[in-house]
Amino acid sequence: MSRLRLDAFLDAMRQGGLRITTPRRIIARNLLAMDGHVTGQRLAQRVRNEAPEIDESTVYRFLDSVSALGLTVHRQLDSGPAVHHLADDAHVHLICTNCGQLQEVPESAFRMLTTEFTNQYGFTIRPEQFAVEGLCASCVDDASG
C-alpha cells in the first residue's frame with residue numbers, strides 16, 4: 001500500500017466531513033493494506049494486532065462511515081458475513097448457485113446492459129451494487145455432461 005494512496009483516502013474522508021483521528025488513520029491504513037473482500041471481523045482482528053485499544057465497534061463504525069461516503073462498497077454476497085471492498089476497485093460479483101463459486105468481473109463488462117437500461121427505461125443501474133446469480137462454467141458442463 002502506497003503512502004499516496006493512504007493520503008488520498010484520508011483526504012477523501014476529510015472532504016466527506018470526517019475528522020482524521022489516530023484510530024481512523026490506523027484502520028484506513030490496514031483496510032488499504034488488505035486485498036479483495038474484507039469482512040469487518042477480519043479488519044478488526046488486523047487492527048487489534050497493531051492497536052489493541054481500538055474496539056471492534058470502532059472498526060464497524062469506520063466501515064459504515066467510509067461506505068456512506070462512497071469510498072468503499074458494502075455487500076452481502078451470500079449467507080456469510082458482509083464484505084467491503086474499495087470503491088475504486090469497481091467490479092460485479094457472479095455467484096454460482098450450485099457450487100458457490102464467486103467470480104469478479106470488471107464493471108465495464110456490464111456497460112452495454114447499463115446503456116440499454118438507461119436508453120430503454122430511463123433508469124441508470126449501478127452494477128457494482130449487486131451480485132448476479134447463475135451457474136459457473138464447471139457446473140454448466142457437469143449438468144450437460
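# Salt bridges and helix contacts in a predicted chain

Let me open with a pair. Glutamate 50 and arginine 29 form a salt bridge, with the closest N and O atoms 2.1 Å apart. By salt bridge I mean a side-chain nitrogen of Lys or Arg within 4 Å of a carboxyl oxygen of Asp or Glu. This pair links distant parts of the chain: glutamate 50 sits in helix α3 (residues 40-50), arginine 29 in helix α2 (residues 22-33), and they are 21 residues apart. Helices (H or I, at least four residues) and strands (E, at least two) are DSSP runs, numbered from the N terminus.

A word on the source. This is a predicted model, where local features need pLDDT of at least 70, side-chain atom pairs count only at pLDDT 80 or more, and totals for chains, interfaces and linings use all residues. Residues are numbered from 1 along each chain as its sequence is written, and side-chain values use heavy atoms, with hydrogens and water left out.

Back to the pair. Are its two partners buried or exposed? Neither label fits: glutamate 50 counts as partly exposed at 38% relative accessibility, and arginine 29 is partly exposed as well, at 27%. The cut-offs: buried is under 20% relative accessible area, exposed is over 50%, and partly exposed lies in between, with a 1.4 Å probe and protein chains only.

Now the overall frame. The chain has six helices and six strands. From the N terminus on, the order is α-α-β-α-α-β-β-β-β-α-β-α. Along its principal axes, the C-alpha trace spans about 55 × 35 × 25 Å. There are 145 residues, and 33% of them count as buried. Next, contacts, meaning heavy atoms within 4.5 Å. Take those between residues at least 6 apart in sequence: 46% of them join residues at least 24 apart.

How many salt bridges does the structure hold? Four. I will show two more.

One of them is in helix α1. Aspartate 11 bridges to arginine 14, with the closest N and O atoms at 2.6 Å. Both residues lie in α1 (residues 3-15), three residues apart, about one turn of the helix. Aspartate 11 is partly exposed, at 37% relative accessibility. Arginine 14 is also partly exposed, at 42%.

The other joins arginine 48 and glutamate 56. Their side chains meet at 3.8 Å, N to O. Arginine 48 is partly exposed, with a relative accessible area of 31%. Glutamate 56 is partly exposed too, at 30%. Glutamate 56 lies in helix α4 (residues 56-68). Which residues does glutamate 56 contact, leaving aside neighbours within four places in sequence? Gln41, Ala44 and Arg48. For a sense of distance, take alanine 90, 34 residues from glutamate 56 along the chain: their C-alpha atoms are separated by 26 Å.

On to helix packing. Start with α1 and α2. Their axes come within 10 Å and cross at roughly 130°. That makes α1 oblique to α2. Axes here are lines fitted to C-alpha atoms, for helices over the stretch in contact, and angles run from 0 to 180 degrees between N-to-C directions. Under 35 degrees counts as roughly parallel, over 145 as roughly antiparallel, 65 to 115 as roughly perpendicular, and the rest as oblique. The crossing of α1 and α2 is right-handed. A crossing is right-handed if the near helix is turned clockwise from the far one by less than a right angle, and left-handed if anticlockwise.

Who meets whom? Arg5, Leu6, Phe9, Leu10, Met13 and Arg14 of α1 meet Arg24, Arg25, Ala28, Arg29, Leu31 and Leu32 of α2. By class, this contact has seven nonpolar, no polar and five charged residues. The classes: Ala, Val, Leu, Ile, Met, Phe, Trp, Tyr, Cys and Pro are nonpolar, Asp, Glu, Lys and Arg are charged, and the others, Gly among them, are polar. Two bridge residues show up here: Arg14 from α1 and Arg29 from α2.

Second packing: α2 and α4. Their axes come within 10 Å and cross at roughly 70°. The two helices are therefore roughly perpendicular to each other. Arg24, Ile27, Ala28 and Leu31 of α2 make the contact with Thr58, Val59 and Phe62 of α4. The split is five nonpolar, one polar and one charged.

Last stop, a strand. Histidine 85 sits in β3 (residues 83-86). Histidine 85 is buried, with a relative accessible area of 2%. Beyond its neighbours within four places in sequence, histidine 85 contacts Gly36, His37, Thr72, Val73, His91 and His93.
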